Each structure stands twice: as C-alpha cells, then as structure tokens.
Amino acid sequence: MENFAAALKTMGHVDRLRILALLARGELTITELVQILGLSQPRVTQYIKSLESVEIIERLREGSWVFSRLKRGNPALTKLVETTLQTLPQNEALLLSDMRRLNEVRDARSRVADAFFARVAQNSDQLGDEYLPQERIEDALLKISGDGPFDFMIDMGTGTGRMLELFSGRITRGAGIDSNPDMLKVARHKLAPDQFGHISVQQGDLHATPFRENTADLVTLHQVLHYLDDPREAIYEASRLLTRDGQLLIVDFEAHTEDHFREDYAHRRLGFTDLDITEWAKWADLQIKIETKLSNNNNPAIKIWKAVKP
C-alpha cells in the first residue's frame, strides 16, 4: 500500500505525467525530454529522479548516453502506470504538442540514419565489413535456422537484401522491407538475377509492415534493432507476422560502450543484453530458444538470438 501511495503521489503532477506518456512511446534521454517538454534540464532531471525513486521508471547507461524508460518487473506498478496513461485525455493540447515534438525528434534521428545509409549504399559490399565478421555470422545463421524449407520469409530492415540472398535457396517466397530508398535500389539490383525471381523488396515502416499476420514462417532482423527508437515494437511486429512454430532470427551487437558507433555508423543503441531481448520476446509472446555469441576481434561481440512462436 505504501508503494502504491507513493507512486500515485509522484504521478500526481502534470509534467511527470507528460514524461510518462512520452516514455510509454520508447526510451528517451534527458536532452531529448528537455527538447520535447520545453522545460529546463534541472527540472526534468528532478522529475526523472522522483519517478525513479518510486520505481516507475529506470535509467539505462550506454556509453556517454543515459536513457530513461518505464520500469518492468513489478506487474502491479506496471498495471497502475498503464491504467493511468490510458485514462489521460488523448486530445489534451499539451499531450498533443508533446507527441508532435516527439515525432520531430524521431524524424531528426531518422534523417541522420538515412544520410548515413545514402552514403554507404553505393559501397554496400563494404558496409559493416570493417567491424563485423560477416561470413561467420552468415554461417551461424544458416546452421541455427535449420535447412527449412521455409514457405515465406520476411526480412525486416532488409538494407541491401543480403539476408534474402543468403536464404534464397531455402525459401519458397521472400520479401524485404526497408524505409531507405537508396538501400532498396541496391537490394533490387542485387536481387535482379533470375534465381531471385521468388523474392521482392519494398519500402515501408518496420513497426507497421504491409503484410498480414500469421503469414511468415521465418523473419529476420539482421543488424537492425540498434538503429530503432523502440526495438521492442519491431520484435512485436515480427511476432505478429510469424506463423505458429515460425522463427525469428535476431542479429545484433552485445551491449557495449563504443560511443563512436553513434557517430561513425549512426547507431541509436549500443547493443543489447540477453535480458533485453528475452523480455521483449516474452512481451511479444515469443520464446528464446538459442543464444549464440560470436567474438569480433577488438570490436563488440555479435549475438544471434533465435525466438520461436509457440
């Protein structure tokens, strides 16, 4: 009761409610919250600390960046926060203004990432080779996935279409989706030969793909999650696409502190822990079956997670 009372008292403030409404849409830094809310940094920091003190939110440090996010692990408090946010007036002018500024912040991030991909699109064969053991990753993926055959594969964030190319011999049909038109031009060129006639790519949003639910028995997220504002939503969308017993293959960096990856490669997140992926998979009704770690010379390790829709 004391915990509930403290949480209710802390949430009973307009600006703290605004912060919670924003964090319900994804993780944000203090700087981003200041930009969106139009409040001073000391005030926003004070609000964050008070929400942390009652275990409603938590902070996640990645290199020199610190993200705030809604805290999981206490179902009762989680339900309390969710219920409170659901009852907020969605047409409230202040909340609408916050969401508009949130979208502006996200759009600015997307432009940075798009500019990066536009620069590397014409040199796609070298994309990532300087810091990723590509051949080892691909060999591991083929082994972990099994021989198939798979009826329908969807590659989310397909980039140059390499995953579709890799699995082309094990799938009846394949589709890739990506938001960047420059990368899609490269993918279409690479997948133009006749042996890839069963594969197509298109532009679209990873969080709301144009495919029907329960339609793919193989979905891949290859080096995609670290670019996203809310990786959890992409995993949820992958689960929506999967048939029963279908599998999701996630390839990404293990959590690390290499800050220069943000500047050099436009990464939003510095890798992920097993707990991150396991919790998001559980939230999306998926079960992690395999976790594989690949050493990567002096660079952060690569992880492959295989999730199955039971």
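## Strand S8 and its surroundings

Seven bridges join S8 to strand S10 (residues 302–308), and the two run antiparallel. Strands here are DSSP runs of E with at least two residues, helices are runs of H or I with at least four residues, and both are numbered from the N terminus. Two strands pair if DSSP finds at least two bridges between them.

This is a predicted model, in which local features need pLDDT of at least 70, side-chain atom pairs count only at pLDDT 80 or more, and totals for chains, interfaces and linings use all residues. Residues are numbered from 1 along each chain as its sequence is written, and side-chain values use heavy atoms, with hydrogens and water left out.

**The strand.** In the pairing with S10, isoleucine 250 stands opposite tryptophan 305. S8 also pairs with strand S7 (residues 216–222): six bridges join them, and they run parallel. Threonine 220 has leucine 249 in S8 as its bridge partner. From S7 the chain passes through helix H10 (residues 231–241) to S8, a right-handed β-α-β crossover. Right-handed means that, with the strands pointing away from the viewer, the path from the first strand over the helix to the second runs clockwise. S8 spans residues 242–253, and 10 of its 12 residues are buried, so the strand is largely enclosed by the rest of the structure. Buried means under 20% relative accessible area, exposed over 50%, and partly exposed in between (1.4 Å probe, protein chains only).

**Two buried residues.** Leucine 286 and threonine 10 are set side by side below. Contact means heavy atoms within 4.5 Å.

| Residue | Location | Relative accessibility |
|---|---|---|
| Leucine 286 | loop between H12 (274–283) and S9 (287–294) | 5%, buried |
| Threonine 10 | helix H1 (residues 2–11) | 12%, buried |

Neighbours within four places in sequence aside, leucine 286 contacts Ile235, Ser239, Leu242, Leu248, Ala281, Ala307, Val308, Lys309 and Pro310. Asparagine 74 lies 212 residues from leucine 286 in sequence and 20 Å from it in space, C-alpha to C-alpha. Threonine 10 touches Arg16, Ser50, Leu51 and Val54, not counting residues up to four places away in sequence.

**Helix H3.** In H3 (residues 30–37), the buried residues are Ile30, Glu32, Leu33, Ile36 and Leu37. They cover an arc of only 160° around the axis, which puts them on the same side of H3. The arc is that of the directions from the helix axis to the C-beta atoms. Thr31 and Gln35 are exposed, on the face turned away from the buried side of H3. Glycine 38 follows H3, with a positive phi near 75°.
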